[in-house]
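Work through the exercises below with the sequence and the 3D view open. Try each task before you read its solution.

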Amino acid sequence: MKILMINGTLRHGSSYRIGRLVIEKIAKKDDQILELYLPKDMPEFCRGCATCIIESEKKCPDYLMYMKRVTRMIDEADFLVFTSPVHVLRVTGAMKVLLDHYGYRFMVHRPEESMFGKQAVCITTGAGAGMRSTLKDMKQSLFFWGVGRIYTYGVAVAATKWEDVSQEIKEKIVQDIDKLALKFIQEPEQVTPSIKTKILFYIMRHMHQKGMNPIDQAYWKEKGWLEKERPWKKKVK
Ligand SMILES: Cc1cc2nc3c(=O)[nH]c(=O)nc-3n(C[C@H](O)[C@H](O)[C@H](O)COP(=O)(O)O)c2cc1C
């Protein structure tokens, strides 16, 4: 299995440490674990040109330098681990910047087929508030990408550094992650999209049948999704 961790900061802080705890739970001996750090691995703001949506993602000004590599790593992974601390009640700016670049992958446009067979965990830590909205920032994007199974974990750590997090909270985190890990599907081949994801797919399918953006419609047609094919029937790696 390939596991990709995408970190919303450069810090090996509390959010990262919890992400690593999750990875310890899922990784088997020969699994590949890769990490990306933001903003280092994708430091450019979305310019809002919408070229990715109306023409091609390959024409994004950040495609060759950053997005090509990051996208390949995301597409090749079976399991995605997103971490971000709460920064003023939301994900870090760096995480938002990455998510902005994938607007074209929303199901309303051109979702990537392999997403439907992936699992993802979104993790956040805050000093005290904003975990729910921060998790929502990440989870909603992944949901609209079509990620098959999405899990979330947020915790108030009452600290700005992992070293300052109390032993009691650390023990609770370990227990919570043990529980969360019970929900994960062990074999990547067995991951199927949730009912909610399938419902969204069918709503979007209906819209694409009517036709909105010609490029998006051509994509759905080419995939066969407007006919009998479904993205969860075959896994593209
Ligand atoms: C710029 C900034 C904004 C923050 N905003 C919040 C906030 O809105 N709510 C909160 O509970 N903690 C906030 N914090 C605290 C961090 O979310 C908290 O310490 C977190 O555990 C740090 O995670 P990390 O160690 O993974 O970086 C903020 C920290 C920074 C640096």
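**Exercise 1. Is Ala50 buried, partly exposed or exposed, and which backbone angle stands out there?**

Step 1. Take the relative accessible area of Ala50: 30%. Step 2. Apply the classes: buried is under 20%, exposed is over 50%, and partly exposed is in between (1.4 Å probe, protein chains only). Ala50 therefore counts as partly exposed. Step 3. Look at the backbone. Phi of Ala50 is positive, about 65°, although the residue is not a glycine. Step 4. Place Ala50: it sits in the loop between E2 and H2. Helices (H or I, at least four residues) and strands (E, at least two) are DSSP runs, numbered from the N terminus.

The model is predicted: local features need pLDDT of at least 70, side-chain atom pairs count only at pLDDT 80 or more, and totals for chains, interfaces and linings use all residues. Numbering starts from 1 along each chain as its sequence is written, and side-chain values use heavy atoms, with hydrogens and water left out.

**Exercise 2. Where does Ala158 lie, and what is its phi?**

Step 1. Find the loop between strand E5 (149–156) and helix H6 (167–181); Ala158 is there. Step 2. Read phi: near 55°, a positive value in a residue other than glycine. Step 3. Check the surface. Ala158 has a relative accessible area of 60%, so it is exposed.

**Exercise 3. Which peptide bond is cis?**

Step 1. Go to Leu38 and Pro39. A cis peptide bond joins them, with omega about 5°. Step 2. Place Pro39: it belongs to the loop between E2 and helix H2 (51–54).

**Exercise 4. How do strands E1 and E2 pair?**

Step 1. Locate E1 (residues 2–7) and E2 (residues 32–37). Step 2. Apply the rule: two strands pair if DSSP finds at least two bridges between them. E1 and E2 have six, in the parallel sense. Step 3. Pick out one position: Leu4 stands opposite Leu34 in E2. Step 4. Add helix H1 (residues 14–26). E1, H1 and E2 make a right-handed β-α-β unit. Right-handed means that, with the strands pointing away from the viewer, the path from the first strand over the helix to the second runs clockwise.

**Exercise 5. Which parts does the salt bridge of Asp137 and Arg90 tie together?**

Step 1. Recall the cut-off: a side-chain nitrogen of Lys or Arg within 4 Å of a carboxyl oxygen of Asp or Glu. Step 2. Test the pair. Asp137 and Arg90 meet at 2.9 Å, N to O. Step 3. Place both. Asp137 lies in helix H5 (residues 131–145) and Arg90 in the loop between strand E3 (79–85) and helix H4 (93–100), so the pair ties together parts that are 47 residues apart in sequence. Step 4. Check Arg90: at 42% relative accessibility, it is partly exposed. Step 5. Look for a network. Salt bridges with shared partners join Lys2, Arg72 and Glu76 into one. The whole structure has 18 salt bridges.

**Exercise 6. How far apart are the closest N and O atoms of Glu44 and Arg47?**

Step 1. Read the distance: 3.8 Å, in a salt bridge. Step 2. Compare the surfaces. Glu44 is partly exposed at 31%, and Arg47 is partly exposed at 48%.
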